[in-house]
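Let's take a walk through this one together. Have the sequence and the 3D view open side by side, and we'll start from a single residue and work outwards.

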Amino acid sequence: MKRFLFIICMATMTFVSANAQNDDITNETILQLLGEGFNSEEVKGVIETSSTRIINYNLDFMRKLKAAGASTDLITYIQKIAKADNGYEGVMWWNTGDKPVKIYRSQFEKEQKGFSLGTLAAAALTGAVVGTALSGEKPSTGVGAAVGAGSILLASSGKDIQKLCIMGLASKNVVKTQKPVFRFYLPKHDPQSFKKEADNWYYSVMNEIQSPNEFQVVKMKQKKNRRVFTEGSSYSVAGFEGTNAKGRVVVDFQIKELNNNTFEVSFPQPLEPGEYVFFWKNGLGNEVFKQHVFGFDFSVE
């Protein structure tokens, strides 16, 4: 009899887990499962095996969990999951029709023959951090040394910004819709968060960013084998300004706050096919970013 009950329990867990892999696990999903009689351990198993979970934790949800019969252990577990923001960090293309896709950042270089980020870094640090500035991996001498080496400074003014480029005619981050939805995950205070330490320049910069409102979406121009900012745009401490007669340069977007460190970005108007970048408009105020200028670039087909 015990063996029979065990098999039934395992079959139930397998069925629920299989369905969880096909559906988003949300606050409503959890409450529904509890309402259908699944116990706390079964619900926890579903959450652990889900491919996509969108769980927001607040006082109202905690009360609903308690009313639905969730154990103290499950409530604490869900709180930790929500705090970790599903293990995501950075920028994700969300409305893919399948699993979310991470948007990888690209480094800017000086648009000048024989003058790139790699050669600058080599000259400044005599090879100590060659490659690490491009990859985002932890430099052996720490970002402090890079900051101190003024010769690797890439951008100190709006005029310098205009000289920056991303190598390659098109981004490797290809978005197959003209109305993409992105999510910014900016966790700060848990094991998955961007590191507080100043020995990794990328994490050091990202830890300063509070919301997508600090970014601008800029349409870039293809030029030979690279992408550049269009001549019709100007840059100041407030970011890019102005428009180009041939099309929009700075693109409007909307922000929806999902919780205190997760934000959804969408566009009121369809994006024209072309090359775009999320660019940190406050970048000139950050010494590390000025030396390691990067953006989250993407192509719209």
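Which residues does Phe 263 touch, not counting residues up to four places away in sequence? Keep in mind as you look that this is a predicted model. The list takes in Phe 182, Arg 183, Phe 184 and Leu 186, then Gln 210, Ser 211 and Pro 212, and finally Ile 255, Lys 256, Glu 257 and Leu 258. Phe 263 itself is found in strand E16. Is it buried or exposed? Phe 263 counts as buried because its relative accessible area is 6%, and the cut-off for buried is under 20%. One of those partners makes a nice illustration of how the chain folds back: Phe 263 and Phe 182 are 81 residues apart in sequence, yet their C-alpha atoms are 8.3 Å apart in space.

Now zoom out to the strand. E16 covers residues 262–266, and 4 of its 5 residues are buried, so this is a mostly covered strand by the under-20% cut-off. Which strands does E16 sit between? Follow the open sheet of 5 strands, in the order E4-E3-E9-E16-E15, and you find E9 on one side of E16 and E15 on the other. The pairing in this sheet is antiparallel. As a general reminder, strands of a sheet pair through backbone hydrogen bonds, either parallel or antiparallel.

Take the E15 side to begin with. A hairpin joins E15 to E16 through 2 residues, and 5 bridges link the two antiparallel strands. Two of the pairs are easy to pick out: Ile 255 has Val 265 as its bridge partner in E16, and Lys 256 has Glu 264. On the other side, E9 (residues 182–185) pairs with E16 over 4 bridges, again in the antiparallel sense. Here Arg 183 has Glu 264 as its bridge partner in E16. Put those together and Glu 264 turns up as a bridge partner both of Lys 256 and of Arg 183.

What about the edges of the sheet? The edge strands are E4 (101–102) and E15 (254–259), each of which pairs on one side only. At the E4 end, 2 bridges join E4 to E3 (residues 90–93), and these strands run antiparallel. Trp 93 has Val 101 as its bridge partner in E4.

Next, the packing. The largest nonpolar core has 46 residues, and Phe 182, Phe 278 and Phe 279 are those with the most contacts inside it. Phe 182 is already familiar as one of the residues that Phe 263 touches. Phe 279, leaving aside neighbours within four places in sequence, is in contact with a set of residues including Phe 108, Ile 161, Phe 215, Phe 229, Tyr 235, Phe 240, Phe 289, Val 293 and Phe 294, along with Glu 214 and Gln 216. Another core lies apart from the largest one; it has 18 residues, among them Leu 33, Val 46, Phe 61 and Leu 65.

Leu 33 and Val 46 also lead us to a pair of helices. Where H2 meets H3, Ile 30, Leu 33 and Leu 34 come up against Val 43, Val 46 and Ile 47. By class, this contact has 6 nonpolar residues, no polar ones and no charged ones. The axes of H2 (residues 27–35) and H3 (residues 40–49) come within 10 Å and cross at roughly 150°, in a right-handed crossing.

Two lysines in loops are worth a stop as well. Lys 224 lies in the loop between E10 (215–223) and E11 (226–229), and its phi is near 55°, a positive value in a residue other than glycine. Most residues other than glycine have a negative phi. Lys 224 is exposed, with a relative accessible area of 68%. Lys 172, in the loop between E7 (164–167) and E8 (174–175), also counts as exposed, at 83% relative accessibility. The C-alpha atoms of Lys 172 and Phe 298 are separated by 7.0 Å, although the two residues are 126 apart along the chain.

Finally, step back to the whole chain. Its secondary structure comes to 11 helices and 18 strands, and 50% of the 301 residues count as buried. Among contacts with a separation of 6 or more, 72% are between residues 24 or more positions apart.

How values were computed
Residues numbered from 1 in each chain as written. Predicted model: local features only at pLDDT ≥ 70, side-chain atom pairs only at ≥ 80, totals over all residues. Heavy atoms only, no water. Core = buried A, V, L, I, M, F, W, Y, C linked by side-chain atoms within 4.5 Å. Buried < 20%, exposed > 50% of the residue type's maximum accessible area, 1.4 Å probe, protein only. Contact = heavy atoms within 4.5 Å. Pairing = 2+ DSSP bridges. Axes fitted to C-alpha atoms, helices over the stretch in contact; angles between N-to-C directions. Left-handed = near helix turned anticlockwise from the far one by under 90°. Nonpolar A, V, L, I, M, F, W, Y, C, P; charged D, E, K, R; others polar.
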